[in-house]
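Visitor: I have a model open on my screen and I'd like to learn how to read it. Could you walk me through it?

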Amino acid sequence: MSEEKIVLITGAGIGIGEATALAFAKNNYRVVVTDILEEAGQSTVSKIQDDGGLAEFHYLDVGNTESVNAVFDELESKYGRLESLVNNAGVAHRQPLAELSDDQWDNTINIDLKGMMRTSRAAAGLMSKNGSGSIICLSSIAGADVGWAEHVPYTAAKGGIIGLVKGLAMELAPLAVRVNAVAPGLIRTAQSMSVEHSVGPEGLAAMEPSVPLGRIGVPDDIAQVILFLASEQASYMTGQTLTVDGGLTVAL
Ligand SMILES: NC(=O)c1ccc[n+]([C@@H]2O[C@H](COP(=O)([O-])OP(=O)(O)OC[C@H]3O[C@@H](n4cnc5c(N)ncnc54)[C@H](O)[C@@H]3O)[C@@H](O)[C@H]2O)c1
């Protein structure tokens, strides 16, 4: 059995998930790249392999328990262990309250909040066999620090992640599995660049002067903090949410 650490990242085909996959690979992890975007996921794997790293792609829909369990079962029989899980996958949809259907609410909560429980539940069993592990969840300043109009399910899910990591941290501490969250601010990705569902390029440009550190974040700004939370340097941290926003919420 190989000795490199193994990390599974959800939604690792693009954006923050992709940058996180590349950052873990550079730090000698075997990266299990998962996504519902197969082509993008395979492209992340190719980038890692072209750079001499270890990676493989698995289709994993965080909204579906069978899809999640199937990938973790495969990892269990292939490697028998898992050191880190990054719960990155998420969706943000513009949904004014007056038009918000029950199905839309359920869909966002199912992916953005319940999805992180599904993967964490499956990972905890595998990590307990290691004797330790680390789970990192992507929250958001929307939910962790501020509200976001017309994104009530998203804000509720991202706020819920703060409670999720506290609950998981307590239950998994006896297994030496640490659970923390990162709450990004404005990061330039497909999500934030969507005019339909987020702030779009003009919105980002308009908000950039409000960021004390003077720029919109890039995916690697978040990836490096996730890597830190997975590392030995963070071995005494659990149940915490770190806001990574260039100082934006401190200035508000
Ligand atoms: N970009 C930002 O400014 C920002 C700010 C705060 C929080 N976040 C959070 O960070 C995370 C990554 O954001 P991003 O900006 O890179 O988003 P993105 O839209 O660029 O990428 C999201 C990824 O999640 C995947 N995904 C969506 N539904 C899925 C499902 N059901 N199963 C598996 N994968 C699925 C997508 O295919 C994609 O690969 C998200 O949880 C997001 O809410 C982003």
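Guide: We'll go through some helices, the loops after them, the core and the ligand shell. Keep in mind that this is a predicted model.

Visitor: Fine. Let's start with helix α2, residues 38–50. How does its length compare with what its residues should span?

Guide: Count 1.5 Å a residue, and the 13 residues of α2 should span 18 Å. The end C-alpha atoms of α2 are 18 Å apart, so the two values agree.

Visitor: Which residues of α2 are buried?

Guide: Start with the general idea: an α-helix has 3.6 residues a turn, so residues three or four places apart point the same way. In α2 the buried ones are Gly41, Thr44, Val45 and Ile48. Look down the axis of α2 and these buried residues fall within an arc of 95°, so they line one face of the helix.

Visitor: And what sits on the other side of α2?

Guide: There you'll find Glu39, Ser46 and Asp50, which are exposed.

Visitor: What do the buried residues of α2 pack against?

Guide: Their partners are α1, β2 (30–35) and β3 (54–59).

Visitor: Let's move to α1, then. Is α1 mostly covered or mostly uncovered?

Guide: Mostly covered: 11 of its 12 residues are buried. Among them are Gly15, Glu18, Thr20, Leu22 and Phe24. You can repeat the length check here too. The 12 residues of α1 should span 16 Å at 1.5 Å a residue, and its end C-alpha atoms are 17 Å apart, which agrees.

Visitor: What should I look for in the loop between α1 and β2?

Guide: Try the backbone angles and the burial. Asn28 lies in that loop, and its phi is near 70°, a positive value in a residue other than glycine. Asn28 counts as exposed because it has 10 C-beta neighbours inside 10 Å. Asn27 is also found in the loop between α1 and β2. With 15 other C-beta atoms within 10 Å, Asn27 is partly exposed. The C-alpha atoms of Asn27 and Gly17 are 15 Å apart, with their positions 10 residues apart along the chain.

Visitor: What phi does Gly52 take, just after α2?

Guide: A positive one, about 90°. Gly52 sits in the loop between α2 and β3, and it counts as exposed because it has 8 C-beta neighbours inside 10 Å. Compare its position with Val91: the two are 39 residues apart along the chain, and their C-alpha atoms are separated by 31 Å.

Visitor: Which residue in the loop between α6 and β6 should I check in the same way?

Guide: Ala176, which lies between α6 (152–172) and β6 (177–184). Its phi is near 60°, again positive in a residue other than glycine. Ala176 counts as partly exposed because it has 15 C-beta neighbours inside 10 Å.

Visitor: Now the inside. Which residues touch the most other members of the largest nonpolar core?

Guide: That core has 69 residues, and Val7, Ala21, Val31 and Ile226 touch the most other members. Helix α4 (residues 102–130) gives the largest share, eight residues.

Visitor: What is Val7 in contact with, leaving aside its neighbours within four places in sequence?

Guide: Its contacts include Phe24, Tyr29, Val31, Val32 and Ala230. Glu83, Ser84 and Val86 are on the list as well.

Visitor: Could you show me a residue in α4? Where does Leu113 stand, buried or exposed?

Guide: Leu113 lies in helix α4, and it counts as buried because it has 24 C-beta neighbours inside 10 Å. Sequence distance and spatial distance are separate questions. Leu113 and Ala157 are 44 residues apart along the chain, but their C-alpha atoms are separated by 5.2 Å. Leaving aside neighbours within four places in sequence, Leu113 is in contact with Ala157, Gly160, Ile161 and Leu164.

Visitor: Last stop, the ligand. Which residues around the ligand come nearest?

Guide: Of the 29 residues around the ligand, Gly11, Gly15, Ala89, Gly90 and Thr189 come nearest. The elements giving two or more residues to this shell are α1 (15–26) and α7 (190–193).

Visitor: How do the shell residues divide by type?

Guide: Into 15 nonpolar, 12 polar and two charged.

Conventions. Residues numbered from 1 in each chain as written. Predicted model: local features only at pLDDT ≥ 70, side-chain atom pairs only at ≥ 80, totals over all residues. Core = buried A, V, L, I, M, F, W, Y, C linked by C-beta atoms within 7 Å. Buried ≥ 20, exposed ≤ 12 C-beta atoms within 10 Å, placed from the backbone. Helix = DSSP H or I, 4+ residues; strand = E, 2+ residues; numbered from the N terminus. Contact = placed C-beta atoms within 7 Å. Near = placed C-beta within 6 Å. Nonpolar A, V, L, I, M, F, W, Y, C, P; charged D, E, K, R; others polar. Expected span 1.5 Å × (residues − 1). Arc of directions from axis to C-beta.
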